[in-house]
Amino acid sequence: MKLFSEYKLGNLTLQNRIVMAPMTRSRAIDNLPNDIIAEYYGQRSSAGLIITEGTAPSANGLGYARIPGIYTDEQIEGWKKVTAAAHKNGAKIFVQMMHTGRASHQENMVEGTEIVAPSPIALSGDMYTDTKGPQAHPEPKEMTKADIDQAIQEFVTASKNAIEAGFDGVEVHAANGYLIDQFINTASNKRTDEYGGSVENRSRFALEVTKAIVEAIGAEKTGIRVSPYGVFNGMEVFDEVDATYEYLAKELSTLNLAYIHVVDHSSMGAPAVPQEIKDKIRDLFKGTYILSGGYDLERAEKELEEGKGELVAFGRAFVANPDLVERFKKKAELNQPDFGTFYTPGEKGFTDYAFLA
């Protein structure tokens, strides 16, 4: 099967085409990658490529309770254990760089930080905090040009930290309503300067961040995740959505990135991403394309054979099946995930799923 064949991703050779998708798991007490996080990724290291949970490039990017960062020496040391565990069985591992922007709450952040976004529009609904339970999202501070430059620099420094920590690369999280997507999407970007309005202006921050990371660590170590038609975190399907993602795909292609990772969460109730726009991105982006969104073994193999992408990301299946690759090879039954423990602290529902006998 094509799914189990080796694949050359930039300078890396992946042992198969199975990708562990990035998934927030909220186990990082004090925002530090710890021993159980290392164990969790180590258990799943038969994947070709692991993309970590969203990781904050700076203290301003910490939106959720117990998510890891990669901006302090202590965090870098913690990640070294994780990358060593992931490499143990041959997986390659990229860290997903996630600045949450307005999807945040001060109770989940440290003193001296601020919640920033392209425009001062609060996200509707609540944000869970460990200290006070669910709290309404506050209005974010509209980023100045200096704030934008600072955020780009934070992404760059964090990417260099990632390489120091032993990561094979970095995935720029430009999807799912976090900071970069907040610039792309008209629901959260009402700016009238060079970062708002037109397709080019709304795409500017995403491209500047990605380009700066490429210059710092190399194109072959940089991937990006996008979510056209995504509505998570208050995003909207806007008028120029197709034109925006076509422009982004074309511009990102000139950077010679390791990959583009396209999110389709229709299997979880989000609007379906039309096949036409996936095909258009596939056509315009001249690098590796990671398929993502509710795949099972049969569909993954079929779409690889059809040339719709080179790699396939699996999310919830990897939560519940540390040995997912082996189960796929043997066509064994899969464990079912326990939704109640997706974001709770500790080993339960994290490192205690059964392996095949």
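**Strands, helices and two unusual loop residues**

At 66% relative accessibility, D30 counts as exposed, because the cut-off for that label is over 50%. This comes from a predicted model, so the values here are all computed from predicted positions. D30 sits in the loop between β3 (18-20) and α1. Its backbone is a bit unusual: D30 is not a glycine, yet its phi is positive, at about 55 degrees.

R66 shows a positive phi too, near 60 degrees, and R66 is likewise a residue other than glycine. This one belongs to the loop between β4 and α2. With a relative accessibility of 11%, R66 counts as buried, because buried means under 20%. So one of these loop residues, D30, is exposed, whereas R66 is buried.

Following the chain on from that loop leads to α2. Helix α2 covers residues 73-87, which makes 15 residues. At 1.5 Å a residue, a helix like this should span 21 Å, and the C-alpha atoms at its ends are indeed 21 Å apart, so expectation and model agree. A good part of α2 is tucked away from the surface: Q75, I76, G78, W79, V82, T83, A85 and A86 are buried. What do the buried residues of α2 pack against? Their neighbours are two helices, α1 (35-43) and α3 (145-164), plus two strands, β4 (49-55) and β5 (92-97). As background, an α-helix has 3.6 residues a turn, so residues three or four places apart point the same way.

Those two strands also belong together with α2 in another sense, since β4, α2 and β5 form a right-handed β-α-β unit. Strands β4 and β5 run parallel and are joined by 5 bridges. One pairing to look for is G54, whose bridge partner in β5 is Q96. Strand β5 also pairs with β10 (residues 169-174), again in parallel, through 4 bridges. Here M97 stands opposite V172 of β10. Of the 6 residues of β5, 5 are buried, so the strand is largely enclosed by the rest of the structure.

Further along the chain comes a helix pair. Helix α5 (residues 199-217) packs with helix α6 (residues 241-253) at an angle of about 35 degrees, and their axes lie 10 Å apart. The two helices make a right-handed crossing. On the α5 side, the contact is made by V199, E200, R202, S203, A206, L207 and T210. On the α6 side, A243, T244, Y247, L248, E251 and L252 take part.

Conventions. Residues numbered from 1 in each chain as written. Predicted model: local features only at pLDDT ≥ 70, side-chain atom pairs only at ≥ 80, totals over all residues. Heavy atoms only, no water. Expected span 1.5 Å × (residues − 1). Buried < 20%, exposed > 50% of the residue type's maximum accessible area, 1.4 Å probe, protein only. Contact = heavy atoms within 4.5 Å. Pairing = 2+ DSSP bridges. Right-handed = clockwise from strand over helix to strand, strands pointing away. Axes fitted to C-alpha atoms, helices over the stretch in contact; angles between N-to-C directions. Left-handed = near helix turned anticlockwise from the far one by under 90°.
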